[in-house]
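This report goes through selected contacts of one protein chain, from single polar contacts to the core and the charged networks. The sequence and structure are shown first.

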Amino acid sequence: MVDESAVRAVGAYGGGIASSGNVCGILLGGVAMISSLYSRGNLDEKENPRMWGLSKKFLQKFEELTEPYGGMDCRDIAGIDWNDRIAVKNYYANPFSSRKICIRLVGEAAHILGELLEQEAAREKAER
């Protein structure tokens, strides 16, 4: 199931937040997913404290995943200047560009996130 408004909400995460090369959008998207499940929808609600622990675990796992690239920033992982139009065109058009790294990381991070959420759901169930 796809929530188009949620997809739109994270659109500018690409390129390390608005093509700045900063923190990878994969990490931001994973934390946004956790928050969508455990955070509050308004100031009158209370946050589920599980949100913080899960987010921290996901961050640690993502740090491990991106260690070979020198960090969690998009500029480290993709190695691209997002302000260089030619480099950006190459990133998307060239099947041998660093985009293959990003695609692989999306899959690996999604797998890790799924495992963390399943483990948390099992813990919640056991506590009831």
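## A buried serine in a loop

A polar contact is a pair of N or O atoms within 3.5 Å; within protein, one of the two must be able to donate a hydrogen and the other to accept it. The model discussed here is predicted. In it, the side chain of S97 comes to 2.7 Å from the backbone oxygen of Y91.

S97 sits in the loop between helix 5 and helix 6. Its relative accessibility is 8%, so S97 counts as buried. Apart from neighbours within four places in sequence, S97 is in contact with N90 and Y91. From S97 to I80 the C-alpha distance is 9.8 Å, with their positions 17 residues apart in sequence.

## The largest nonpolar core

The largest nonpolar core has 25 residues, and the members that touch the most others are I34, F58, F62, I77, A78 and W82. At least two residues each are supplied by helix 2 (25–38), helix 3 (50–66), helix 4 (74–77), helix 5 (85–93) and helix 6 (99–127). Helix 6 gives the largest share, 8 residues.

What does F62 touch, once residues up to four places away in sequence are set aside? The list is C24, I26, L27, M72, I77 and A109. One of these, I77, is itself among the core members that touch the most others.

## Two small residues in helices

S55 is placed in helix 3. With a relative accessible area of 13%, S55 is buried. Not counting residues up to four places away in sequence, S55 touches V31 and I34.

G114 belongs to helix 6. Is G114 buried or partly exposed? Its relative accessible area is 29%, and G114 is therefore partly exposed, since buried means under 20% and exposed over 50%. G114 and G30 are 84 residues apart along the chain, while their C-alpha atoms are separated by 9.8 Å.

## Aromatic pairs

The whole structure contains 4 aromatic pairs. One of them joins F58 and F62: the ring centres are 6.4 Å apart and the planes stand at 35°, so this pair is tilted. Both residues lie in helix 3, 4 residues apart, which is about one turn of the helix. Both F58 and F62 are buried.

W82 and Y91 form an edge-to-face pair, with 4.9 Å from centre to centre and 75° between the planes. Each partner is buried: W82 has a relative accessibility of 12%, and Y91 one of 8%. W82, Y91 and Y92 make up one aromatic cluster. Y91 also takes part in the polar contact described above, where its backbone oxygen is reached by the side chain of S97.

## Salt bridges

The structure holds 7 salt bridges. One of them is formed by the side chains of R50 and E120, at 2.4 Å from N to O. R50 lies in helix 3 and E120 in helix 6, so the pair ties together parts that are 70 residues apart in sequence. Both partners are buried, R50 at 19% relative accessibility and E120 with a relative accessible area of 6%.

E120 also forms a salt bridge with R123, where the closest N and O atoms are 3.0 Å apart. These two residues lie in helix 6, 3 residues apart, or about one turn of the helix. R123 is partly exposed, at 34% relative accessibility. Which residues are linked in a network of salt bridges? They are R50, E120, R123, E124 and E127.

A further bridge joins the side chains of R104 and E108, at 3.0 Å from N to O. R104 and E108 are 4 residues apart in helix 6, and are therefore separated by about one helical turn. R104 has a relative accessibility of 37% and counts as partly exposed. E108, at 28%, counts as partly exposed too.

Notes:
Residues numbered from 1 in each chain as written. Predicted model: local features only at pLDDT ≥ 70, side-chain atom pairs only at ≥ 80, totals over all residues. Heavy atoms only, no water. Core = buried A, V, L, I, M, F, W, Y, C linked by side-chain atoms within 4.5 Å. Buried < 20%, exposed > 50% of the residue type's maximum accessible area, 1.4 Å probe, protein only. Contact = heavy atoms within 4.5 Å. Phe/Tyr/Trp six-rings, centres within 6.5 Å; stacked < 30°, edge-to-face > 60°. Salt bridge = Lys/Arg side-chain N within 4 Å of Asp/Glu carboxyl O.
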